[in-house]
Protein chains: 2
Amino acid sequence: MPSKNLMAERRRRKRLNDRLSMLRSVVPKISKMDRTSILGDTIDYMKELLERIRQLQEEIEEQQQQETPGVLSVFRELNPNEMLARNTPKFDVERKEGGDTRVEIYCAAKPGLLLSTVSTLETLGLDIQQCVVSCFNDFGMHASCSEVLPPPLSLLDY
Amino acid sequence: MPSKNLMAERRRRKRLNDRLSMLRSVVPKISKMDRTSILGDTIDYMKELLERIRQLQEEIEEQQQQETPGVLSVFRELNPNEMLARNTPKFDVERKEGGDTRVEIYCAAKPGLLLSTVSTLETLGLDIQQCVVSCFNDFGMHASCSEVLPPPLSLLDY
DNA sequence: GTCTACACGTGAAAC
DNA sequence: TGTTTCACGTGTAGA
């Protein structure tokens, strides 16, 4: 009775077919029910998933790059010619007792500067209590801020 | 000579083995070289990829929810009690000829209000030329804006 | 009748 | 040595 190997081979074939059925149930795109087609569709589907992941990661990186670069980067991103062509930038910070801080900024106008400046002050823990902004040729900003430790409602938290 | 079917079956087996090899080359986690193990690892890997995609989409949605909600939502998000407890909000927009627009805002303080307001004005195509902001109890903002059609450098683009 | 895809049992190789 | 896995040729059933 050589049915030892026979039964083993039957069980093996059944295992393989079961896995194949599982695969067919996971992959949504099934062109044909062929074993070969199932494997081929599986490969294509996996590549699509990888591509999808790549796109999503790219999208996330794009969104993270849209984050406010900070006001200091403004000076960094000005090339030397721009620096010389315009009036000398000014970036004064006067810190009084009690956490009151006065910030004074003059520099060349640059896209996103106001937003990034406000956002940077917020990041630094400085709440704008009052500020005056003007921009005709260059960018100018005076801001009176207060440090936020336990945040009582203040402007930049709003 | 019955080798017609024989060769066909051989080609079929070769196709299937080729697909299996491709699958093994795509799936990074190969525990064993078994046919059964290869299919099992493939299923596990696909589930990991789907889970990864789910996490990435979740992350993107979180980031998108952090986007500036816009200044108008401030009024919407104030519940009736808050509305009655505070002074009546004021949201005046005076538009003069030539695209010059004066915006005046008074309302209850709210986290992110300054940033969302500036961002909203930018979205509306209004470049802030001058603005005064104060926030002690409530939030107040006066802004002189100009419409941006062909954008000459202006404050909100900076 | 051809062509295709599958299941089956068996022998052999690997561990 | 036995167990497991694979390749092989064949029979069969559906288009």
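These are my notes on the protein surface around DNA strand D and on the nonpolar cores, all taken from a predicted model.

**Entry 1: around strand D**

I started by listing who sits around DNA strand D. Chain A gives A:Asn5, A:Glu9, A:Arg12 and A:Arg15. From chain B I noted B:Leu6, B:Glu9, B:Arg10, B:Arg13, B:Asn17, B:Asp34 and B:Arg35. Sorted by class, that surface has 8 charged, 2 polar and 1 nonpolar residues.

Which elements supply at least two residues each? I found α1 (3-26) of chain A and α1 (3-26) of chain B. The largest share comes from α1(B), with 5 residues.

**Entry 2: backbone or bases**

Next I checked which part of strand D faces the protein. Of its atoms within 4 Å of the protein, 62% belong to sugar or phosphate, and the rest to bases.

Then I looked at single arginines. A side-chain N or O atom of B:Arg10 is 2.3 Å from a phosphate oxygen of DNA strand D. For A:Arg15, a polar side-chain atom lies 2.8 Å from a phosphate oxygen of the strand. B:Arg13 goes to a base instead: I get 3.0 Å between a side-chain N or O atom and a base nitrogen.

**Entry 3: the cores**

Away from the DNA question, I pulled up the largest nonpolar core, which has 32 residues. Those touching the most other members are Ile128, Phe139 and Met141, in chain A and in chain B. Two or more residues come from each of β2 (100-107), α5 (113-123), β3 (126-135) and β4 (139-147), in chain A and in chain B.

Apart from this core I found another, of 22 residues, including A:Leu23, A:Tyr45, B:Leu20 and B:Ile53.

Notes:
Residues are numbered from 1 along each chain as its sequence is written. Chains are lettered from A and ligands numbered from 1 in the order in which they are written. This is a predicted model: local features need pLDDT of at least 70, side-chain atom pairs count only at pLDDT 80 or more; totals for chains, interfaces and linings use all residues. Side-chain values use heavy atoms; hydrogens and water are left out. A residue is near a molecule or strand if one of its heavy atoms lies within 4 Å of it. A polar contact is a pair of N or O atoms within 3.5 Å; within protein, one must be able to donate a hydrogen and the other to accept it, and residues adjacent in sequence count only if both atoms are side-chain atoms. Helices (H or I, at least four residues) and strands (E, at least two) are DSSP runs, numbered from the N terminus. Ala, Val, Leu, Ile, Met, Phe, Trp, Tyr, Cys and Pro count as nonpolar, Asp, Glu, Lys and Arg as charged, and the others, Gly among them, as polar. A nonpolar core is a set of buried Ala, Val, Leu, Ile, Met, Phe, Trp, Tyr and Cys residues joined through side-chain atoms within 4.5 Å. Buried means under 20% relative accessible area, exposed over 50%, partly exposed in between (1.4 Å probe, protein chains only).
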